[in-house]
Amino acid sequence: MTEPITEPIIEIKQLTYDYPDRRVLNEVTFNVQQGQFLAIVGENGSGKSTLIKCMLGLLKPKGTIRLFGQDQAAFSDWWRISYVSQKAASFNSGFPVTVAEVVEMGLYAKKGLFRRVTKQDRQKVRTALETVGMWDRRDSKVGDLSGGQQQRVFIARALVNDPDLMILDEPTVGVDQRYVKEFYEILEELRRDNKRTFVLVTHDIHFVSKLVTDVIHLVDGRLGCNCGIKEYWELDEQTIRSLYPVPGRVLIHEGEVVQ
Ligand SMILES: Nc1ncnc2c1ncn2[C@@H]1O[C@H](COP(=O)(O)OP(=O)(O)OP(=O)(O)O)[C@@H](O)[C@H]1O
């Protein structure tokens, strides 16, 4: 991981994205600074995954995206960014690849597909697997692991290049509750020195609120709220109503919104 970075890690300005039949992101603007742990929340279909795909360069929106101070189109250090998707836990279990090999694949983003794996690379794989407590299972077939163990392997793969920015899109979907806790403990450990930056799409902000520093709440593709976590829990009832456009009473109960 590199040393302190002064410019925003992510700068998003006036981001608009249309699928053929609908506008999904509408003039979204925000920055993410080094060391922030940003939670992106919002109802189903509010545009969270689309926003992540735009950040990763998988979709081409209107507006501006800058990564590490560079225009996204000119940015080439993609290894500085790692991505853990909600699909990682539903890995094709028939695919005959070992735990260590899956993590090794993460190295290709930095060194290219056809470069030899060096002793130093093997050490990186080991460190990443030790971080998630899976070094002992390095020779196991990924398909033989539980969902939670597989997800830990995918975190190790995301870590192997020592990324500055980790983007996680509902990474615990399909993972047993007891592994979910373990998963977030690993993230807590990873953000201890406050240099790494995290962006997490989640439906369960209460569960991760200890980790989160900032929140973006999308409402129908617009920025309903962009604030610190403390401020988020202190929002007034009218604002909360606008973020959760459902009929019924809104009650705030120990940091939770209960409808
Ligand atoms: N490839 C696509 N083509 C057309 N519409 C799409 C496509 N992908 C997503 N959408 C639509 O765009 C909207 C936003 O989808 P997106 O996946 O970004 O929402 P989300 O907030 O991540 O939802 P969820 O919480 O359910 O994961 C939804 O209405 C969805 O149906």
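By a helix I mean a DSSP run of H or I that is at least four residues long, and helices are numbered from the N terminus. With that settled, α1 is followed by Gly 57, whose phi is positive, near 80°. I will come back to α1 in a moment.

Before that, the status of what you are looking at. This is a predicted model. The mean pLDDT of the protein chain is 85, with 87% of its residues at 70 or more. For the complex, the predictor reports an ipTM of 0.97 and a pTM of 0.86.

Now the protein chain overall. It has nine helices and 12 strands. Of its 259 residues, 36% count as buried. If we take contacts with a separation of 6 or more, 67% of them are between residues 24 or more positions apart.

Next, the ligand. Which residues surround it? Going along the chain, they are Tyr 19, Val 24 and Gly 42, then Asn 44, Gly 45, Ser 46, Gly 47, Lys 48, Ser 49 and Thr 50. By class, that shell has seven polar residues, two nonpolar and one charged. The element that gives the most to the shell is helix α1, residues 48–55, with three residues.

So, back to α1. Why call this helix largely enclosed by the rest of the structure? Because six of its eight residues are buried. Those six are Lys 48, Thr 50, Leu 51, Ile 52, Cys 54 and Met 55. Two of these names, Lys 48 and Thr 50, you have already heard among the residues around the ligand.

The other element to look at is strand β3, residues 37–42. Here six of six residues are buried, and the strand is mostly covered. In a regular strand, side chains alternate between the two faces of the sheet. In β3, Phe 37, Ala 39 and Val 41 point one way, while Leu 38, Ile 40 and Gly 42 point the other way. Both sets are buried.

Which strands does β3 pair with? One is β8, residues 197–201, in the parallel sense over four bridges. There, Ala 39 has Leu 200 as its bridge partner. Another is β9, residues 214–219, which runs parallel to β3 and is joined to it by five bridges. In that pairing, Gly 42 is bridged to Leu 218.

Gly 42 is a reasonable place to stop. This residue belongs to the shell around the ligand, is buried in β3, and has a bridge partner in β9.

Conventions
Residues are numbered from 1 along each chain as its sequence is written. A residue is near a molecule or strand if its C-beta atom, placed from the backbone, lies within 6 Å of it. Helices (H or I, at least four residues) and strands (E, at least two) are DSSP runs, numbered from the N terminus. Ala, Val, Leu, Ile, Met, Phe, Trp, Tyr, Cys and Pro count as nonpolar, Asp, Glu, Lys and Arg as charged, and the others, Gly among them, as polar. A residue is buried if 20 or more other C-beta atoms lie within 10 Å of its own, exposed if 12 or fewer, and partly exposed in between; C-beta atoms are placed from the backbone. Two residues are in contact if their C-beta atoms, placed from the backbone, lie within 7 Å. Two strands pair if DSSP finds at least two bridges between them. pLDDT is the predictor's confidence in each residue, from 0 to 100.
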